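Below is a short briefing on one structure, grouped by topic. It begins with a local backbone detail and moves on to the packing.

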Amino acid sequence: MDRSVAIVGVGSVTPTCSSTAEFAEKVFSNQSLVREWPEAKRYEKQLRSKVAGYIEPKEIGLERKYSDILEDYVEIYVDKTGRLPEKNLSYADLSSVWAMLATKDAIKQAGWNENEVQSNLTGVIIGSGAGGNEVLRPAWKNFFELGRKSRSLTSHNIDRTMVYRDAANVACFIKNRGIVEGLGSACASGLGNIGYAYRMIKHGYQERCIAGGTEGTSIETFVLFDAMQVLSRKFAPEESSRPFDKSRNGFVCSFGCGVVALESLESAKSRGATILAVIDGYHNNSDGTSDMFAPSYGGQLRLAEGLFNECKQASHHDSNIKPEIVKAHGSSTPVGDIVELMSIIKSFGKDDYHISAPKSQCGHMLGAAGAVELVLSVFMLQNNMVSPCLNSYELSNEIEPFQKSVNWDGLKIPPSEFRHLIPEKAIEKEVNSIVCLNYGFGGTNAAMKLSKYLN
Amino acid sequence: MTREEVFEGLKEVLANVNAVNRDALNSATEESDIVVDLGITSSEIVNILAKTEERFDVEFDDDDIDELQNTIGATIDLVIKALE
C-alpha cells in the first residue's frame, strides 16, 4: 500500500547566506542574492555576463588549501569550524562539501538517531546538473600540457568529479546502508532527486531519505552558458534576474545546494517528529519534442494534469484544493517565462493564488535549483509568506511573438493581465499548499505538491 | 568587400551548419530567415555567428548580436559593419 511522505528536515547552502535561516530571512525581506562575480569579471571581454549567485568558501567557514606540487589545484576544502571530518573532506569537491553541510543540518532538524541514520532503510539521493568543478582544469593542465606523471595529480580526482560524487560523499559521511544514488535531469535535478526519493518511501523501499541537488561554483559552467548567449547582461547585479519582466534577456547562473530529510509520515508521527510539510504528490514527464532547449506548453500542461492525478491519492487532506502558491521555474528567459506563465494559468486558473519566482532573488542554481526552491517552499508554508518575483517591474501589455504563431493553441492574453498573480514584494497570507515546478534541457519536467501537515 | 561577396561567404558558412535545408539555402535571398526558412534551430545562431567571425576575420560587438534579426541580410549588415 502506498504511504504518505513527510519533510522533517531541511538544509541549504545559498549565495551570500551563512545559514538556511538567513536565506529565508533575506528572501522574505525582498533581497537579491546576486552579485557581480569577480571570477567572471577577470575574463573581461571573453564573457558577456559578469553576474552570478555565488558564495565564497570563506563566507561559510571553508578555505581552499592548494597543493604544494600542483599549481592552482585545490587539494582540500578545509572546514574552519570543524563541522565535517577531515577524512570526508578529502573525498569532496565543493558541491559535495555543501551537500554534507546541508545534510548535517537536515538530519539535526529531523532528529534521527544514529541507528535511524545508519539503517538499510535510509537512502541518499542527491544529484547535480553540470558537474563542473575547479579541480579538473589544473589537473588536466598538469598532465596534458606540463607532462606531469599521473600520481602527481593525486588520488582524489575520481571521487571529486564522478557523476554521483555528491551522493557518494554524503553516504560516506552519514554511513547509511540504504539506496545511494544521484540522478541527473539538468535544471530539474534538484526536484527530480527529491521526487525519486519520495517514490522510494511512498512505495516502501526506504523509510527515510536524504535528498536534493547541489551545484558547486564553477567558472567553467558559467562560461558554457555564456557561450549560449542565454545569461542576463547589462543590468545591475541585483536587477539581473527578472522573471516575467518585459526587459528580461537571460538568466543568472548561480550555485548552491538544497537538501531535505524525508520520512514516511507514519514513522515521523510515531516518534513525535516535527513535520514541516507533507508531500501530496510528484509527477515528472518529458515534452516529447525534438528541441533540446525550448520549453513546451503542451508538456507543461500534461505535467500539471499528471500531478493532479497523483495528488488525488493523497490521504491526509483534500488534495483538490487549489494551492495558494505556484512556485514557478521562472528563470528570466525571453521565451520560457511566458510559455510557463500561460501554462500555469491554463492549469491553475486566472485568480485566487500567487506565483512565486525564487530565481528572481537567487538566480538559477541549475542542478540545485529545484531542491533549494523546495526548501524555500517549506519556509513559505511554515511562515505563511509568498516569496516575491523581484524585478518584474513591467509585464508586457502585448502578447508575445510565439502567441501570434499559427502553431500556438494556448491563451492569447498579454502577461500584464496577470499582474495580480505575480507579487513584486513578499506578501503575507495563509498558505496551506504549494505546487513546485522545475524544467530542464532535454524537455524534462518535474512537479511536486506540498501541504501543511494537519494533525 | 561587396554585399554579394559577403553573401557568398555567409552561404559557405551556412552550408556547413547542422541540419540546414540545402535546397532552401541554394535559393535563399537576403530576406530569408535563417531559422524559419533555412530550417536551422535557433540554438545554432551563436555557432553561425562565431564561424562567420572566423570566416571574415572580424569581431562582432555583443550589443549588435543581441539585437540581430535572424535574416541573412541582417547578418550581412553585421559583417559589413565589422569590416569597416
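A:Gly204 takes a positive phi of about 85 degrees, just after α9(A). This is a predicted model, in which local features need pLDDT of at least 70, side-chain atom pairs count only at pLDDT 80 or more, and totals for chains, interfaces and linings use all residues. Residues are numbered from 1 along each chain as its sequence is written, chains are lettered from A and ligands numbered from 1 in the order written, and side-chain values use heavy atoms, with hydrogens and water left out.

**Helix α9(A)**
- Helices are DSSP runs (H or I, at least four residues), as are strands (E, at least two), numbered from the N terminus.
- The helix covers residues 189-202; its 14 residues should span 20 Å at 1.5 Å a residue (times one less than the number of residues), and the 19 Å between its end C-alpha atoms agrees.
- Because 12 of the 14 residues are buried, α9(A) is largely enclosed by the rest of the structure.
- Buried means under 20% relative accessible area, exposed over 50%, partly exposed in between (1.4 Å probe, protein chains only).
- Among the buried residues are A:Leu191, A:Ile194 and A:Tyr198.

**Nonpolar cores**
- A nonpolar core is a set of buried Ala, Val, Leu, Ile, Met, Phe, Trp, Tyr and Cys residues joined through side-chain atoms within 4.5 Å.
- The largest has 53 residues, of which A:Trp98, A:Ile210 and A:Phe222 touch the most other members.
- α4(A) gives the most to this core, with 10 residues.
- Another core, of 47 residues, lies apart from it and includes A:Ile7 and A:Cys362.

**Confidence**
- The model scores ipTM 0.88 and pTM 0.96.
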